Amino acid sequence: MSDTFDRLWAGLAPLGRDRTTGGYRRLSWTPVDAELRAWFAGEADARGMTVETDRNGNLWAWLGEPGPDAVVTGSHLDSVPNGGGFDGPLGVVSALAAVDELNRRGLRPRRPLAIVVFVEEEGARFGVPRLGSRLLTGAITADRARGLTDSDGVTWARAMADAGLDPDRMGADPDRLSRIGVFVELHIEQGRSLARHGAPVGVAATVWPHGRWRLDFSGQADHAGTTRIADRNDPMLPFAETVAAVRRAAVEHDAVATIGRVWLSPNTSNSIPSRVRAWLDARAPQEAALRAVVAGVDTAARLAAAQHGVSLSNFQESFFPRVDFPRDLCHRLAALVGGEDTPAPLLSTGAGHDAAILASAVPATMLFVRNPTGISHAPEERADPADCHAGVTALTEVLADLTDAKS
Ligand code: GLV
Ligand code: MN
Ligand code: MN
């Protein structure tokens with residue numbers, strides 16, 4: 001089994017890797033994305049799986065006939081800019097390796113089995129994360145998705161059409177959803193809980209509520225050398241005060257909140273900027289705390305904007321409620337992975353996942369693989385090979401059990 005995993009991993013590793021930083025840039029509907037999709041289709045085909053692209057661009061590989069009551073696993077292949085190689089791909093590679101392991105053990109699933117690769121999970125190119133799974137479940141409308149733009153103004157509809165898909169067919173796909181009996185996504189842990197537990201694999205029980213807000217500060221561009229301080233409407237100042245307010249609000253409400261992306265115009269050293277656009281990412285275990293963080297940031301930003309004669313608009317780009325995966329399913333998986341007497345740890349996470357989107361429609365949960373440093377969304381993200389292999393073994397046990405596989 002470890003050979004299969006290692007071979008698959010080595011085949012995928014060069015795609016989208018930056019030779020200087022070692023990080024990955026795998027953005028949806030780009031040439032590297034086409035290579036990733038072709039890689040997956042080729043590997044699935046080599047296993048006798050039937051590959052199809054759904055109306056939203058997600059890839060599905062079926063072992064046997066598609067649905068009904070299928071057991072589905074998988075994850076995503078896109079990354080954040082300069083991200084790690086494990087966030088997403090670990091689940092896809094482990095799924096392919098688990099299919100091989102079922103075969104090697106001579107186990108034949110008695111329920112249909114599929115591997116899915118969701119498109120635009122990170123929202124790194126078009127701004128809205130979990131886009132493929134949200135379109136599938138109808139959590140976002142096709143009209144809104146079609147109009148999303150990347151930083152060059154290319155729409156999702158255009159990018160999808162350029163990749164050979166028909167954007168007019170996009171949207172909720174109840175027929176496809178109705179084929180899914182259960183969904184299990186394997187993912188690298190994006191924290192150190194498993195390292196603390198001393199366990200290679202755990203089960204996700206909860207995904208925190210989270211969202212993204214776009215803050216637009218608009219002032220007046222002017223000359224950096226000739227405009228008196230008293231005459232300035234500089235949006236950089238309320239923006240800077242807002243960054244500090246984000247940290248204060250997160251600490252106050254036991255939450256996490258980040259400004260990790262900023263755009264400004266005209267972005268030159270000898271002009272006062274006219275506009276600063278910043279994205280707030282906020283997450284908390286409970287929705288009330290999350291709402292309090294966002295309200296606190298909004299109040300502080302408005303106050304600072306008014307003090308500097310700058311206008312502010314605050315737009316919620318995405319919001320994901322808290323998801324508690326079904327307890328019975330989580331406990332079943334924990335016992336399968338760790339044994340009845342020493343079940344695998346149940347974890348909660350502040351990271352978003354396609355499994356949490358699917359959970360609104362079908363029973364779903366996740367397996368997490370230990371990440372010794374906890375680092376994610378960075379080139380240093382990693383899991384030890386032995387833990388990756390343990391993840392494949394765990395996923396194989398889970399798939400064998402859920403599909404009632406027999407020799
Ligand atoms: C995805 O990794 C997210 O949680 O933003
Ligand atoms: Mn991610
Ligand atoms: Mn991910």
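This briefing covers two sets of annotated binding-site residues and the surroundings of ligand 1 in a predicted model. Because the model is predicted, local features need pLDDT of at least 70 and side-chain atom pairs count only at pLDDT 80 or more, while totals for chains, interfaces and linings use all residues. Residues are numbered from 1 along each chain as its sequence is written, chains are lettered from A and ligands numbered from 1 in the order written, and side-chain values use heavy atoms, without hydrogens and water.

**Binding-site set H76, D87 and H187**

- An unreviewed UniProt entry annotates H76, D87 and H187 as "binding site"; positions follow the numbering used here, feature names are shortened, and annotations may be inferred rather than shown by experiment.
- These residues are spread over 112 residues of sequence but cluster in space, with a largest C-alpha distance of 9.5 Å.
- D87 and H187 belong to the lining of the largest pocket. On a 1 Å grid over the protein atoms alone, a pocket is an open set of points with protein on both sides within 12 Å along at least five of seven lines, a cavity is a set where a 1.4 Å probe fits but cannot get out, and lining residues have an atom within 4 Å of a point.
- H76 sits in strand β3 (residues 70-76), and H187 sits in strand β5 (residues 180-188); strands are DSSP runs of E with at least two residues, numbered from the N terminus.
- H76 is buried at 0% relative accessibility, and H187 is buried with a relative accessible area of 0%. Buried means under 20% relative accessible area (1.4 Å probe, protein chains only).
- The side chain of D87 makes polar contacts with the side chain of H76 at 3.1 Å and with that of H187 at 2.8 Å. A polar contact is a pair of N or O atoms within 3.5 Å; within protein, one must be able to donate a hydrogen and the other to accept it, and residues adjacent in sequence count only if both atoms are side-chain atoms.
- Leaving aside neighbours within four places in sequence, the contacts of H76 (heavy atoms within 4.5 Å) include D87, E122, H187 and D354.
- Residues up to four places away again not counted, H187 touches H76, D87, H353 and F368, among others.

**Binding-site set R212, N270 and R283**

- The same kind of annotation, "binding site" from an unreviewed UniProt entry, covers R212, N270 and R283.
- They span 72 residues in sequence and the farthest two C-alpha atoms are 36.6 Å apart, so they do not all gather at one spot.
- R212 and R283 are in the lining of the second largest cavity.
- R212 is part of strand β7 (residues 210-218); beyond four places in sequence, its contacts include E122, D281 and F315.
- R283 is part of strand β11 (residues 275-283) and is buried, with a relative accessible area of 16%.
- The side chains of R283 and D281 make a polar contact at 2.7 Å.

**Ligand 1**

- The residues around ligand 1 (a heavy atom within 4 Å) are D87, E122, R130, R283, A351, G352 and H377.
- An oxygen atom of ligand 1 lies 2.7 Å from a polar side-chain atom of R283.
- A backbone N or O atom of G352 is 2.7 Å from an oxygen atom of the ligand, and a polar side-chain atom of H377 is 3.0 Å from one.
- Taken alone, ligand 1 exposes 200 Å², of which the protein buries 95%; areas come from the Shrake-Rupley method with a 1.4 Å probe, and for residues only the protein chains shown count as cover.

Key:
Helix = DSSP H or I, 4+ residues; strand = E, 2+ residues; numbered from the N terminus. Buried < 20%, exposed > 50% of the residue type's maximum accessible area, 1.4 Å probe, protein only.
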